[in-house]
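User: I am new to this structure and would like a close look at a single part of it, with the surroundings described afterwards. Please start from one residue and work outwards.

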Amino acid sequence: MTGTTGPQHNGNGDINFTVFADQQAMGRPSFTRVADDQLVWLRRVLVAPPGMGRARSELVDTGTVILDGAPGSGRTCAARVLLREHHEDMGAFRELLPEEDGELPLGDPELVGTGDRLLLDLSAADPARWAASRADLSALRKAVHEKHAHLVVVMPHGGTLEADLQRYRVEILQPSRDQVLRRHLRMHGVPAEQYLRPDPTVSEFLYEERPLREVADFADLVRRAREAGVPGEEFTQWCAAARKAQADRREEVATLVATLRDSSQRALLISVAMLHGAHADVIHHAAQLLLRTVGSPPDDLPLLQRKDLAERLVEISAGAGQDGHVRFRDLDYDSAVRTHFWDHMPDLRQHLGTWTARSVALSSPYVTQELRDGLVAKLSGEYLRTGRAEELASLAEAWGSTATNRAGLEAAVQALTCGLGDPAHARTFRSQIYQWCANKQLRGGYAQVLVRVCADVIAAGHPDQAMLRLYYLAHREHAGAQQALSGLVESSHRLRRRLLHRLTRSVPSEADLGIFLRVGVAEALTDPYDNGRALVEEKSVQSSVITCWHAVLDRLPRPTWQPYAERWLHASVDAGDRGGLLLDILVGAADRCEGRRGAAFAALYASARDAERTAPGGSSRAALTTDLLLQRISSAQGRSRPITPPQPASPRGTEQ
């Protein structure tokens, strides 16, 4: 996307945008794809720590392993890689969050799907939470074994573990930091002849005890220094630049800002820091936009007497390359500048939110979706760094509720995505999104933002939570939610079962019945899974589906449910023995229509006659299904002879 597009809003009332289904058209991979790529990357860069082999064997033999290890040892990365190694066509990788909205208790067998790869990260759990989780581990392990799934638990270091669980415990020790750094550099494409040479900067860095994530961050800085370097620079210069980027530069930036008394220069400095790497045209317009946003008076000097952009960039230690894109001279200097203004000019924060919303709407061939996402990510990073998760969530809501173009909605999506991806604040965002979906009156296009975030971001690792939130949005009839919910359960028999059960927890509303007609399709219910069974053969599923069909037949007009009933009857033709179960469900549902059982039975029979004309396999086979349905209706009514519906369909001899 290279410009601001989308419908214009010129009157009163809400405006809705469909941003849910156009990721591929925008050239943006789905979050599921991103999550999968991250797991693949972890597997490539992981240096197997001491204990990895035993953990792998235990997981293969028993389906369960409990990892222990000191913080910074790489235990959580090892857990994810262990599960990635068991990737199969069936099942999904999921992180269990038993205490959050939409998650089942650990002891509930519905939690585990066939072939699932489950991560239970309790590395930061307090003693009470760890004790509660241990109490449910036996039931969870039983379900994992029965469903041929795999479970990796990361326990709090030094936590208590009962004797019967000790056999699953494996301690992970930190691997060589030197090997970890070299593996990351190799995966980043740094030539081996460079990083294998002794380097004083690397030796100094690795000498200190440090968590492996810092080693990975240093390797990434080396990569970026290499990409930003000038021809002739080598590994030593890249490492020095990376080390300098890690240094505390607060005093250096404070000194620079103090020398820039002119508001236009400070606006330029902030714009480069927030849009680092953007084209000079974008930087110029963004700086002017920031001045207008904060209410600074325009420069009254004649145009030709003003400093040009190249001179002004030199004053802030930046410059434009041959490609016209602007960067600071020093690596990661943009991060230090953002930190300074955020920490030392708190009154600027609200203006930065407004400016960001206006900047993402700029129309220019240089304003790409990647640049927009990066700008929102940088602003979000400052909110999250300083513990202002609730304020970032409120900002995303404001953006999504007032947006008049797609760029504004995409900015809201990106802000929530950043919050959900932050380990320290993800739970806050998941909880806030739950409250929005379940309880709050949503304005503008914000419901579409939530549909997108639930279906793509949350569903990638927490499909149960995504399902519950999408259900609430669909229950409240927000556009796109029903489609997203249907797409989500399409990937999982377990999720479809959970949704069917939820639809019958109370009297289904008309919106719930619309959801049911879309997700309770016969083809999905008769599709065999794991041990060859189908959902329609499960008593609990039969009960839920009968309840829903009864409500449909009792409360919805026939034209509404007729197409779904025809599809149901068509499926029964080719479903074998399960086809009989489908007919039993329809008859059982009609039999519950007290006071109008006869009318319900007649409507079903008439629908079956109509379905004969549209049957994919021809009307003769479908007619046999109609006869079977009529037999079941007669049996339900206690009659020995077929009933005659009040308004019979056309004679079969005239049907084609």
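Analyst: Threonine 64 is a useful place to start. Apart from neighbours within four places in sequence, threonine 64 is in contact with Glu58, Leu59, Arg141, Val144, Leu151 and Tyr168. The model is a predicted one. Threonine 64 belongs to strand E1. Its relative accessibility is 3%, so threonine 64 counts as buried, the cut-off being under 20%.

The next step is the sheet around this residue. Five strands make up an open sheet, in the order E2-E3-E4-E1-E5, and their pairing is parallel. At the edges are strand E2 (93-95) and strand E5 (169-171), each of which pairs on one side only. On average, neighbouring strands of this sheet are turned by 20 degrees against each other, with direction ignored. Helix H2, residues 52-62, packs on the sheet and touches strand E1 (64-68), E4 and E5. The direction of H2 makes about 155 degrees with that of E1. Over 145 degrees counts as roughly antiparallel, so H2 runs roughly antiparallel to E1.

The pairing inside the sheet can be followed strand by strand. Strands pair through backbone hydrogen bonds, in either a parallel or an antiparallel sense. Strand E3 (residues 117-121) and strand E4 (residues 150-154) pair in the parallel sense over 5 bridges. One of the partnerships joins arginine 117 to histidine 150 in E4. Another has aspartate 121 with valine 154 as its bridge partner in E4. E2 and E3 also pair in the parallel sense, over 3 bridges. There, phenylalanine 93 has arginine 117 in E3 as its bridge partner. Arginine 117 therefore appears in both pairings, with phenylalanine 93 and with histidine 150 in E4. As for cover, E3 is mostly covered, with 4 of its 5 residues buried.

The link from E3 to E4 involves a helix. The chain passes from E3 through H4 to E4, and this β-α-β crossover is right-handed. Helix H4 covers residues 127-146 and packs on the sheet, where it touches E1, E3 and E4. The direction of H4 makes about 165 degrees with that of E4. With over 145 degrees counting as roughly antiparallel, H4 is therefore roughly antiparallel to E4. Two of the contacts of threonine 64, Arg141 and Val144, have numbers within the 127-146 range of H4. Two others, Glu58 and Leu59, have numbers within the 52-62 range of H2. Leu151 is a further contact of threonine 64, and its number is within the 150-154 range of E4.

Beyond the sheet, a pair of helices can be described in a similar way. Two packed helices are described by the angle between their axes and the distance between the axes. The axes of helix H8 (residues 200-207) and helix H10 (residues 235-246) come within 8 Å and cross at roughly 40 degrees. That angle makes H8 oblique to H10. From H8, the residues Thr201, Val202, Glu204 and Phe205 meet Phe235, Cys239, Ala240, Arg243 and Gln246 of H10. By class, this contact has 5 nonpolar, 2 polar and 2 charged residues.

Further along the chain, two loop residues have backbone angles to note. Most residues other than glycine have a negative phi. Serine 317, in the loop between helix H14 (309-315) and strand E6 (318-320), has a positive phi near 60 degrees. Aspartate 332 has a positive phi near 65 degrees and lies in the loop between strand E7 (326-328) and helix H15 (333-344).

Two arginines complete the tour. Arginine 578 lies in helix H29, residues 577-591. Its relative accessible area is 19%, so arginine 578 is buried, the cut-off being under 20%. Leaving aside neighbours within four places in sequence, arginine 578 is in contact with Thr526, Pro528, Gly532, Arg533, Ala534, Val536 and Glu537. Arginine 578 and aspartate 527 are 51 residues apart in sequence, and 9.7 Å separates their C-alpha atoms.

Arginine 621 is found in helix H31, residues 619-636. With a relative accessible area of 39%, arginine 621 is partly exposed, because this value is between the 20% and 50% cut-offs. Not counting residues up to four places away in sequence, arginine 621 touches Val573 and Asp574. Arginine 621 and aspartate 323 are 298 residues apart in sequence and 68 Å apart in space, C-alpha to C-alpha.

Definitions and conventions:
Residues are numbered from 1 along each chain as its sequence is written. This is a predicted model: local features need pLDDT of at least 70, side-chain atom pairs count only at pLDDT 80 or more; totals for chains, interfaces and linings use all residues. Side-chain values use heavy atoms; hydrogens and water are left out. Two strands pair if DSSP finds at least two bridges between them. Axes are lines fitted to C-alpha atoms, for helices over the stretch in contact, and angles run from 0 to 180 degrees between N-to-C directions. Contact means heavy atoms within 4.5 Å. Angles under 35 degrees count as roughly parallel, over 145 as roughly antiparallel, 65 to 115 as roughly perpendicular and the rest as oblique. Ala, Val, Leu, Ile, Met, Phe, Trp, Tyr, Cys and Pro count as nonpolar, Asp, Glu, Lys and Arg as charged, and the others, Gly among them, as polar. Buried means under 20% relative accessible area, exposed over 50%, partly exposed in between (1.4 Å probe, protein chains only). A crossover is right-handed if, with the strands pointing away from the viewer, the path from the first strand over the helix to the second runs clockwise.
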